[in-house]
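The following note is offered to a colleague who is beginning to read protein models. Please keep the sequence and the structure in view while working through the numbered points.

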Amino acid sequence: MAAHRKSRQRSLSGNTARTAATLALAGAATATAFDGTAHAAPQLTPAQVKAKVDKLYQEAETATQKYDGAKEKANATQRRLNTLHDQTARKQAKLNAAREALGSYAAAQYRDGGFSPAWQLALSRDPDRYLDGAAFAERAGARQASTVSLVRRQLREIEQLRGAARIDLSSLRSRQNELRRQKTTVTTKLDEARRLLARLTPVQRTEVTADAPVADHVSRSAVDVRVPLKASGSAAVNATAHGAPAGTSSRAAAAVAYAYTKLGSPYVWGATGPSAFDCSGLIQAAYRSAGVSLPRTTYAQINAGRRVSRSQLQPGDLVFFYSGISHVGIYVGNGKMIHAPNPSAPVRVAPIDQMPFAGATRVA
């Protein structure tokens, strides 16, 4: 019986060992399968990466324009707030002077004991001199009443200025919060685009971020393009040399000439030059060099002049893209523009049909 029990125990032990080994192998295989699934990132083709990156850049540019607009308004609010503070300080200084004058008058009254005019006349050793002084005091009293009225008015004005300052300060804080939100959106989109591009080989990355061949050719020869611009003293001649009709205004021609000198400058969101630009910053800087003041954002720039159709485009016209009017370039003729594309590409010449055309405006 003992031998039988011992044999049965060995049999069970063997089965248990085999079962444990089988489960261990199955578990290892399952773990390996899950591990492979968890760590295998989906492989995107260069075309898919380009589509995603282009979308991210467009979304980042939309946020950039909102950031630029909020920054412009915040700066204007800050200037108003500074002006209000200056006005308040000047009025406070006048108020302090008026109060000091009233204090001096009150001290003089106290020193004189506040006697009634009848008693002062009775006790005076020189009635004629007293009467002259009384007339002077009466005039002084009228002036003091005027000063009191002035003080009251200044107090009201100062309170109004402080109230306006409180409103502007609240507005400024709201705009600063908006700036931070838009900055976070922009940097998040750009970081995601960089991570996608980092998955590609250098050759693939170049293909994804490149413009059409004609634009690449012109951009690479930007140094040669700029030579005749610098050599010529006439902006109108420069524009004509680059395809502009002879009737192009001198200001539009000057803006185009400026844009040519900035070929190769890096794209930096929120930048307005002179060495880096975002898309609307480049346009603003180009026309500023020609003596024309333009708004900061694409949304405002499209309404800064007269709308023109695509068939009527002339060098110097502003060309806008996407349904949200989130990108802008300056037309230079022959179906091309100069624009600041995105962080992956510098300021360059590109065909206007590489993005969805939204409209055009002539500002000069």
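1. A residue is called buried when its relative accessible area is under 20%, exposed when that area is over 50%, and partly exposed in between. Ala350 is therefore a buried residue, because its relative accessible area is 1%. Ala350 belongs to strand β5, which covers residues 348–351. Although eleven residues separate Ala350 from His339 in sequence, their C-alpha atoms lie 7.5 Å apart in space.

2. The model is a predicted one, and the remarks below should be read accordingly. The secondary structure of the protein consists of eleven helices and six strands. Of its 364 residues, 35% are buried. The protein exposes about 21000 Å², and carbon and sulfur atoms supply 56% of this area. Where contacts join residues at least 6 apart in sequence, 67% of them link residues at least 24 apart.

3. Helix α9 may be considered next. This helix runs over residues 250–261 and has twelve residues. From its first C-alpha to its last it reaches 17 Å, which is close to the 16 Å expected at 1.5 Å a residue. Among the buried residues of α9 are two tyrosines, Tyr258 and Tyr260. The list of buried residues in α9 also includes Ala252, Ala253, Ala255, Val256, Ala257 and Ala259.

4. Helix α10 follows. Nine of its eleven residues are buried, so α10 is largely enclosed by the rest of the structure. The buried residues are Cys279, Ser280, Gly281, Leu282, Ile283, Gln284, Ala285, Ala286 and Tyr287. Just after α10, Gly291 adopts a positive phi of about 85°.

5. How many aromatic pairs does the structure hold? There are two. In one of them, Tyr67 and Trp269 meet edge-to-face, with 4.7 Å between the ring centres and 75° between the planes. Tyr67 lies in helix α2 (residues 46–111) and Trp269 in the loop between α9 and α10, so this pair ties together parts that are 202 residues apart in sequence. Tyr67 has a relative accessibility of 15% and so counts as buried. Trp269, at 19%, likewise counts as buried, because the limit for that class is under 20%.

6. The other aromatic pair is formed by Phe321 and Phe357, again edge-to-face, at 6.0 Å centre to centre and with 80° between the planes. Phe321 lies in strand β2 (residues 318–321) and Phe357 in strand β6 (residues 357–362), so that the pair links distant parts of the chain, 36 residues apart. Are the two residues buried or partly exposed? Phe321 is buried, with a relative accessible area of 0%, whereas Phe357 counts as partly exposed at 25% relative accessibility. Phe357 has a further partner: Arg310 lies over the face of its ring, at 5.0 Å from the ring centre.

7. Arg296 deserves separate attention. This residue is located in the loop between α10 and α11, and it counts as buried at 7% relative accessibility. Which side chain makes a polar contact with the side chain of Arg296? The partner is Asp68, at 3.2 Å. When neighbours within four places in sequence are left aside, the residues in contact with Arg296 include Gln65, Glu72, Gly270, Thr272, Asp278 and Gln301. Three residues of α10, namely Ser280, Gly281 and Gln284, also appear among its contacts.

8. Some backbone geometry should be checked against a general expectation. Most residues other than glycine have a negative phi, and most peptide bonds are trans. A cis peptide bond, with omega of about 5°, joins Gly273 and Pro274. Pro274 is placed in the loop between α9 and α10.

9. Positive phi values also occur in residues other than glycine. Tyr322 has a phi near 75° and lies in the loop between β2 and β3. Asn334 has a positive phi of about 55° and lies in the loop between β3 and β4. Which of these residues is buried, and which is exposed? Tyr322 counts as buried at 18% relative accessibility, whereas Asn334 counts as exposed at 61%.

Definitions and conventions:
Residues are numbered from 1 along each chain as its sequence is written. This is a predicted model: local features need pLDDT of at least 70, side-chain atom pairs count only at pLDDT 80 or more; totals for chains, interfaces and linings use all residues. Side-chain values use heavy atoms; hydrogens and water are left out. Helices (H or I, at least four residues) and strands (E, at least two) are DSSP runs, numbered from the N terminus. The expected span of a helix is 1.5 Å times one less than its number of residues. Buried means under 20% relative accessible area, exposed over 50%, partly exposed in between (1.4 Å probe, protein chains only). Contact means heavy atoms within 4.5 Å. Accessible areas come from the Shrake-Rupley method with a 1.4 Å probe; for residues, only the protein chains shown count as cover. Rings of Phe, Tyr and Trp (its six-membered ring) pair if their centres lie within 6.5 Å; planes under 30 degrees apart count as stacked, over 60 as edge-to-face and the rest as tilted. A charge sits over a ring if NZ of Lys or CZ of Arg is within 6 Å of the ring centre and within 35 degrees of the ring normal. A polar contact is a pair of N or O atoms within 3.5 Å; within protein, one must be able to donate a hydrogen and the other to accept it, and residues adjacent in sequence count only if both atoms are side-chain atoms.
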